[in-house]
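Hi everyone, thanks for coming. I'd like to walk you through a structure that is new to most of us, so please have a look at it first.

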Amino acid sequence: MFGRSIRLFNLLGFEVKIDFSWVLLALLIAWSLSTGFFPLQFEGLSTRTYWVMGIVGALGLFVSIIAHEFSHSLVARRYGMPMKGITLFLFGGVAEMSEEPARPGAEFAMAVAGPLLSFAIAGLFYGIYRAGAGSMPSPVAGVVAYLAWINAILGLFNLVPAFPLDGGRMLRAVLWRIKGNLNQATRIASQIGSGFGVFLIILGIFGFFGGNFLGGLWWVILGLFIQGAAKMSYQRLVLRKSLAGEPVRRFMNENPVTVDPAVTLRDFVEDYVYHYHFKMFPVVENGDRLVGCITTRDVKGVPREAWDEKRVGEVMEDCGAGKMVTPDQDAMEALSIMNRNGVSRLMVGEGERLLGIVSLKDMMKLLSLKVELDG
């Protein structure tokens, strides 16, 4: 879902990260508040004041979204669900779960916590606005009123019963309780979520024809995101259900292509990289003794004129935890390691002995067959 992200801070054991797309959103919000929303609501203020209001309003929204996602994470922790952290991105934020809830009640409680907190924050800011009516400086009153309004909108939008929005997760929890089947409940909720995404796309197209190009573009992008996220959420559930409990040995290739450490880099590139089209190869000696791994990145760091003299053994790197699994490890865990480290192949071994290679391509092939046979 995300591109590159940076870690902001750690709070209550949860890591908060920000995707670079959020920077674009924050700048857009601050600009629109400073040049459009606040000047229309409060006339006669200086340009500097409007920009201060816009920046403070954007920061307030930033804190509100973090609080919304933290409520999900705290409730999830209470029910024993492991949470990876919180990431802010173009469309707001997401609390990242490493596995699905164990029961419908936990799902519902976690989902409803976000909108409830957003409504509580909206009520708090509205109360401050009402209490300061007449005595509060207009720039302060404007920002406070905006934060009350935007948190109410945030809560209402997330109550839409379209998965993976909070309302969609609440719907899934209810369907799960009624039908007793998480897969079926997720499929129905995801279909509704996909349909809601199509509705937003159509709404955006009407906005184009109505002259609201920027607003229409936003609805189209948001609709595409929700539609894609709904489908991806169901596919991820099927993936987890299919791979959970399956050992890596079921998916691994027991006769992988290996490289001898004495091979020159020139021969490695010509006879291995260009021939097999892999980015990473295990380096083996004496039949099955794994001594390291070599990647195209390792070769790239060596000048081409030195490829005839340099040997694989001189530039190879250690096959650390990010490139190595054991044959009895859970396949889902192996997939998480691939995703976390941005690789598509992992060495499978015990100690210094190479037993095989597991690749994302092979896992997906077997998974496709399994899903087709299991219906």
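Let's start with a pocket: the second largest one has a volume of about 510 Å³. I should say right away that this is a predicted model, where local features need pLDDT of at least 70 and side-chain atom pairs count only at pLDDT 80 or more, while totals for chains, interfaces and linings use all residues. Residues are numbered from 1 along each chain as its sequence is written, and side-chain values use heavy atoms, with hydrogens and water left out.

What do I mean by a pocket? On a 1 Å grid over the protein atoms alone, a pocket is an open set of points where a 1.4 Å probe fits, with protein on both sides within 12 Å along at least five of seven lines; lining residues have an atom within 4 Å of a point. Grid points are joined across faces, edges and corners, and the volume is the space filled by probe spheres set on the points.

Which residues lie nearest the centre of the second largest pocket? They are F278, K279, M280, S344 and R345, out of 22 residues in the lining. Two or more lining residues come from each of α9 (296-300), β9 (353-359) and α12 (360-374). Of these, α12 gives the largest share, with four residues. For those names, helices (H or I, at least four residues) and strands (E, at least two) are DSSP runs, numbered from the N terminus. By class, the lining has seven nonpolar, eight polar and seven charged residues. Here Ala, Val, Leu, Ile, Met, Phe, Trp, Tyr, Cys and Pro count as nonpolar, Asp, Glu, Lys and Arg as charged, and the others, Gly among them, as polar.

Two of those central residues meet again: R345 lies over the face of F278, at 3.7 Å from the ring centre. A charge sits over a ring if NZ of Lys or CZ of Arg is within 6 Å of the ring centre and within 35 degrees of the ring normal. F278 also belongs to a cluster, in which ring pairs link F268, Y272, Y276, F278 and F281.

Right beside F278 in the sequence is H277, in the loop between α8 (265-276) and β5 (280-285). Phi of H277 is near 65 degrees, a positive value in a residue other than glycine. Most residues other than glycine have a negative phi, and most peptide bonds are trans. H277 is exposed, with a relative accessible area of 63%; exposed means over 50%, buried under 20% and partly exposed in between, with a 1.4 Å probe and protein chains only. As for peptide bonds, the one from F163 to P164 is cis, with omega near 15 degrees. P164 sits in the loop between α4 and α5 (166-179).

Now, how many aromatic pairs does the structure hold? There are 13. Rings of Phe, Tyr and Trp (its six-membered ring) pair if their centres lie within 6.5 Å; planes under 30 degrees apart count as stacked, over 60 as edge-to-face and the rest as tilted. F38 and Y146 make an edge-to-face pair, 5.9 Å centre to centre with 75 degrees between the planes. That pair links distant parts of the chain, 108 residues apart: F38 is in helix α1 (residues 20-41) and Y146 in helix α4 (residues 138-158). Buried or exposed? F38 is buried at a relative accessible area of 0%, and Y146 is buried at 4%.

F196 and F199 are stacked, 6.2 Å centre to centre and 25 degrees between the planes. Both lie in helix α6 (residues 182-209), three residues apart, about one turn of the helix. F196 is buried, at 15%, whereas F199 is partly exposed, at 47%.

One more aromatic residue: W51 lies in helix α2 and is partly exposed, with a relative accessible area of 34%. Leaving aside neighbours within four places in sequence, W51 is in contact (heavy atoms within 4.5 Å) with A30, W31, S34 and T35.

Finally, the whole chain. There are twelve helices and nine strands, and 45% of the 375 residues count as buried. The C-alpha atoms fill a box of roughly 85 × 55 × 45 Å, taken along the principal axes. Among contacts between residues at least 6 apart in sequence, 60% join residues at least 24 apart.
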